[in-house]
Amino acid sequence: MKRADDFYDMITNWEQDKRTEKEIVNKFIELLCEKKDDIDLYYDINDALHWKGYSYQFAIPEVETIEWDSTEYGDLVANVTKSKDKTKELCIYLAEMDNNILTLSSLHFIKFKHLVNAGIFKYYNEYKPIIDMNLYDIYMMCYTNLYDDVLGNKKFIKLMIEKFLMNIGMRYVQLNYMEFRMDMEYLLWTITKKDKSKDAFKKINTIKVAFSIADKQYFMWNDKIYFNEDIHKNLVKYLSLIDKKESQRIYDKYKDSIHLLDDNGYKLLFNML
Amino acid sequence: MTTEKLNQIYESLKLHSKEYAIDEIFQLFIDNQLVVSELEILLGKFNYYLPDDFHKMDKSEQKKYHQHKKHLIHLVDGKETIETYSVFNKAYFYELVEASSKNKSITKSLMQYAGQICSMPIHIITMQHVKVKNLDFFMQKKDFVDIIDNQTFMTKKIRTLYDLYFYVLLSSNMAIPKPKKMKLMGQLNDFFKNKSGFDLDLEIPFNNFIMFIEMLLSSLPRKNANTIKMKFLCYKPTYLNDNEYNMSLENPRTLINKHYQAMVQNKVKEVVNYYNKHQDILNSFPYNGYTSIYYSLLEEVKHEKS
């Protein structure tokens, strides 16, 4: 954020010199032409221009993205929870894909113990209660006080996991706007606490597809479909599985600020609580 | 800036349209050439007045106040190309709405602005404000003039494009015989797509779906329909004025349950058949609240049947 703040200050100075909007923009064009490989520069300049109320934004140059291959993914996740090496392979794959949604959808395949054995996380005795758990469950437990006795130093564990997530495709997990999304993700996760069946995750995935939180392609691999295609018949039933008390807590947390957040599937889900 | 300079600016702008002049004056403010008091003086010469809270706004909010165009700069090999596009600006939109009330030319501008934004919710809201009497396309056709002068929609006179469209669509065969109805709907669709700058093609499945849900919502009082759309995030909060919807904390699904009978009436079969015919594409639509409204209605149909 610091560079965006610097650009903000630069614009303030130019405004005091009565530079026009286009003159200010031209100065940034010169800067971007000098440093064209710095993609983050575009974001910082756009932030500064937006904060100042100007109508110009720079199009972010396209970075080559790797296309999702469900067959490749299916091979990677088959039996991954049993193998430290396969877990490492999956993490490398997720880092290459650099896809927020894909990584989040894959965390339940990543066992904490494999990350410890691979040397990615250090082991402490206090991790004993969570050693056999998957990363998704542990991370979601960080979004409530209900499991503080299990997690121990929750703040430390959350930071540790987020630092790891930032390297495997969730680059922006620590930004402010992600807190709301992860709180909503946590609410969906509470479905697994009420519904102990094997297809509890299918129900969560169905809700995500219904609200366009995640594209359905991420729930289709190995010739199987991991969400319920009969969305309209089951959506309300699945939503009723969300923990009511936690739902109220999250609702109270955001009810006065929800209008400030970007429109997305998580926000629509919030409005349906 | 001196009074003389301000007068020079006024003289250079007064021969242009009011719309153009206001845009230029705001641009001077954005360009840091005017302070707020000078902005007010110039705008006042064109009978345009800023709201009382303008002075309390942050400088960036003041600059965005009238901003209805955005510019996206593409830099390729050191060369810039600028893509300019219209965006919804509440102040600008409702200025046009008010000015268009008895003015055909500004009505045209309003429809063109909505067409440039290219958003179904904005199309709907615009239709609800455009007065049909300002549209020569309809006022020069006897069939439409007869409807506009003699019929009512939802117990009120047909005043707007929205009223007209849904009156024709929902009329019984007794009120408008089927062949005539098809002709009128064809003319309406032609107007939306080709004859008005509105740029609305109702043959596109997504647009068609939105209008299907609007058809169900049209049977509700406007405020109730708006409240449902706000709750389901069909509209952004800036699209409507505060008195146009109810800000209560009612759960969206409760709202659907409350208004289900009025919305669905004798159209249950149609509501269900729509899903049977369009299931594949429904799930392929981009994120929108209308799909959630529809799924909630289907749930109510299911409960009613069980």
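The side chains of A:Asn145 and A:Lys154 are joined by a polar contact of 3.0 Å, and this is a good place to enter what is a predicted model. A:Asn145 belongs to the loop between helix 8 and helix 9 of chain A. With 59% relative accessibility, A:Asn145 counts as exposed.

Let's stay with that loop and turn to the aromatic residues. The structure holds 47 aromatic pairs over all chains. One of them brings together A:Tyr147 and A:Trp189 in an edge-to-face arrangement, 5.8 Å centre to centre and with 70° between the planes. This pair links distant parts of the chain: A:Tyr147 is in the loop between helix 8 (135-141) and helix 9 (148-151) of chain A, while A:Trp189 is in helix 11 (residues 176-189), 42 residues apart. A:Trp189 has a relative accessible area of 1%, so this residue is buried. A second pair to look at is A:Tyr254 with A:Phe270, whose ring centres are 6.4 Å apart; because their planes meet at 90°, this pair is edge-to-face. Here too distant parts of the chain are linked, with A:Tyr254 in helix 15 (residues 244-254) of chain A and A:Phe270 in helix 16 (residues 265-271), 16 residues apart. A:Tyr254 and A:Phe270 are both buried.

Tyrosines also appear on the outside of chain A. A:Tyr43, A:Tyr172, A:Leu175 and A:Tyr177 make a nonpolar surface patch of about 370 Å². Within this group, A:Tyr172 sits in the loop between helix 10 (154-167) and helix 11 of chain A, and at 37% relative accessibility A:Tyr172 counts as partly exposed. Elsewhere in chain A, the charged end of A:Lys52 sits over the ring of A:Tyr8, 4.3 Å from the ring centre. Chain B offers an example of this kind of contact as well: the charged end of B:Lys45 sits over the ring of B:Tyr10, 5.4 Å from its centre.

Now for chain B as a whole. Its secondary structure comes to 16 helices and 4 strands, and its C-alpha trace spans about 75 × 45 × 45 Å along the principal axes. Of the 306 residues of chain B, 50% count as buried. Helix 10 (residues 161-170) of chain B is largely enclosed by the rest of the structure, because 8 of its 10 residues are buried. Among those buried residues are B:Tyr162, B:Asp163, B:Tyr165 and B:Phe166. B:Tyr162, B:Tyr165 and B:Phe166 also belong to one aromatic cluster, whose other members include B:Phe137, B:Phe144 and B:Phe198.

B:Asp163 leads us on to charged pairs. This residue forms a salt bridge with B:Lys156, the closest N and O atoms being 3.0 Å apart. B:Asp163 is buried at a relative accessible area of 2%, whereas B:Lys156, at 35%, is partly exposed. B:Glu214 and B:Lys229 meet in another salt bridge, 2.7 Å from N to O. Since B:Glu214 lies in helix 12 (residues 205-217) of chain B and B:Lys229 in helix 13 (residues 222-231), the pair ties together parts that are 15 residues apart in sequence. Both B:Glu214 and B:Lys229 are buried. In chain A, salt bridges that share partners join A:Arg3, A:Asp38 and A:Asp44 into one network.

The count comes to 26 salt bridges over all chains. One of them pairs B:Lys183 with B:Asp143, with the closest N and O atoms 3.3 Å apart. B:Lys183 is in helix 11 (residues 178-194) of chain B and B:Asp143 in helix 9 (residues 142-150), so this salt bridge ties together parts 40 residues apart in sequence.

Note on methods:
Residues numbered from 1 in each chain as written. Chains lettered and ligands numbered in written order. Predicted model: local features only at pLDDT ≥ 70, side-chain atom pairs only at ≥ 80, totals over all residues. Heavy atoms only, no water. Phe/Tyr/Trp six-rings, centres within 6.5 Å; stacked < 30°, edge-to-face > 60°. Helix = DSSP H or I, 4+ residues; strand = E, 2+ residues; numbered from the N terminus. Buried < 20%, exposed > 50% of the residue type's maximum accessible area, 1.4 Å probe, protein only. Lys NZ or Arg CZ within 6 Å of the ring centre and 35° of its normal. Patch = residues over 30% accessible without salt bridge, like charges linked within 9 Å, V, L, I, M, F, W, Y side chains within 5 Å. Areas by Shrake-Rupley, 256 points an atom, 1.4 Å probe, with all protein chains shown as cover. Salt bridge = Lys/Arg side-chain N within 4 Å of Asp/Glu carboxyl O. Polar contact = N/O pair within 3.5 Å; in protein donor to acceptor, adjacent residues only side chain to side chain.
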